[in-house]
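Colleague: Could you take me through one part of this predicted model in some detail? I'd like to look at a single strand and then work outward to whatever surrounds it.

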Amino acid sequence: MSAELHEAVKLLRDGGIICHACEGVWGFACDPFDESAVRRVLEIKQRPQSKGLIVIADEAAKFKPELTQLNPETRALVAQSWPGRTTWLLPTTRFPEWIIGDNSTVAARVPGHEQARVIAAMFKHPIVSTSANIANDPPCVTENEARERFGNIVDHVVHGATGQATGPSEIFDAVSGDQIR
C-alpha cells in the first residue's frame, strides 16, 4: 500500500478526519468509536447527530454482530449487494449514539470502491464514511473540489478518484426491506 494510505490510516487512528473518494462522491472518514472525531465531522457537515452516519468496512465479516441479527434470507441479500453502492440499516448494539443517532440501526456498507475498502481494511474495523458536503449542499465529486472546499478543514485529502457511479449509495432497511434513499 502507498505511504499516503498508511499516513491517512495513522491520522484516523490518532482521531483525525480524512477526505477520500468512493464510488460516486467524496466522503469524510473517521473512527466511529472516537466521539470527538465524529463530533468534528458532524460540525463540519452541520449535520445533527440525530440522523446518524454511514460506516463502511472492507468486508461483510466486519459487520458480523449486526448481520447475525438478520434472518438467513436477508443476510444473503445483504451479502449479495456487497461490495457495492448499497447501504443497509442493520440492527446494532455496538455502535454508539453519536453514530446511530436516534435509531436502533447502523447504516453499513462494503463499498465497491477499491481505495475506500483498502483504507477500511488497513484500519481493521469499520470507519465513518459520509459524503463530503455541508448538510443540504451537493457532495464533492472530484478531488480538486474536495481539496478546495475542505482541504484546510480536514486532516488530509487522499489522492484518488471516484468510481463510475453518480451520487451517493442507495439505502435500504434490512428489517423492513424498505428503500430509504
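Modeller: Let's begin with β4 and its link to strand β5, residues 105-109: the two run antiparallel and are joined by four bridges. To find the register by eye, look for W88, which stands opposite A108 in β5. β4 also pairs with strand β8 (residues 170-173), again over four bridges, but here in the parallel sense. On that side T87 is the residue to click on, as it stands opposite I171 in β8.

β4 itself covers residues 86-91, and six of its six residues are buried. That goes for both faces: T86, W88 and L90 are buried on one side, and T87, L89 and P91 are buried on the other.

Now zoom out to the sheet. It is an open one made of eight strands, with mixed pairing, in the order β7-β1-β2-β6-β3-β5-β4-β8. β7 (156-157) and β8 are the edge strands; each has a single partner strand, so one side of each is left without a neighbour in the sheet.

Walk along that order to β1 and β2. Strand β1 (residues 18-21) pairs with strand β2 (residues 26-30) in the antiparallel sense, over four bridges. C19 has F28 in β2 as its bridge partner. H20 also lies in β1, and this histidine is buried, with a relative accessible area of 1%. The side chain of H20 makes a polar contact of 3.0 Å with the side chain of S129. Leaving out residues up to four places away in sequence, H20 touches V25, W26, G27, F28, A29, I56, A116, I119 and S129.

You may be wondering about the cysteines. The structure holds zero disulfides. For C30, the closest cysteine sulfur is that of C19, and at 12 Å it is too far for a bond. C140 is in no disulfide either; its nearest cysteine sulfur, also that of C19, is 5.9 Å away. C30 is buried, with a relative accessible area of 0%, and C140 is buried with a relative accessible area of 0% too.

Next stop is strand β3 (residues 54-56), where you'll find V55. V55 is buried, at a relative accessible area of 0%. Beyond its neighbours within four places in sequence, V55 is in contact with a string of residues that includes V106, A107, A108 and R109, along with I127, V128 and S129. P32, F63, F95, I99 and P126 are also among the contacts of V55. Then there is V110, which is 55 residues from V55 along the chain, yet the C-alpha atoms of the two are separated by 8.7 Å.

Now for a helix. In α2, residues 35-45, the buried residues are A37, V38, V41, L42, I44 and K45. These cover an arc of only 160 degrees around the axis, which puts them on the same side of α2. S36 and E43 are exposed and sit on the face turned away from that buried side. As for what the buried residues of α2 pack against, the partners are β2, α5 (97-100), β6 (127-131) and α7 (143-150). Both ends of the helix have something to show you. At the start of α2, a side-chain oxygen of D34 comes to within 3.2 Å of the backbone nitrogen of S36. Just after α2, Q46 takes a positive phi of about 55 degrees.

That brings us to the nonpolar core, and back to where we started. The largest one has 37 residues, and F28, F63, W82, L90 and I99 touch the most other members. β1, β2, α2, β4, α5, β5 and α7 are the elements that give two or more residues to this core. α2 gives the most, with five residues. There is also a second, separate core of 20 residues, which includes V9, A120, F123 and I171. So two residues are worth another look from β4: L90, a buried residue of the strand itself, is one of those that touch the most other members of the largest core, whereas I171, which stands opposite T87, belongs to the second core.

Methods
Residues numbered from 1 in each chain as written. Predicted model: local features only at pLDDT ≥ 70, side-chain atom pairs only at ≥ 80, totals over all residues. Heavy atoms only, no water. Buried < 20%, exposed > 50% of the residue type's maximum accessible area, 1.4 Å probe, protein only. Pairing = 2+ DSSP bridges. Polar contact = N/O pair within 3.5 Å; in protein donor to acceptor, adjacent residues only side chain to side chain. Contact = heavy atoms within 4.5 Å. Disulfide = S-S within 2.5 Å. Arc of directions from axis to C-beta. Core = buried A, V, L, I, M, F, W, Y, C linked by side-chain atoms within 4.5 Å.
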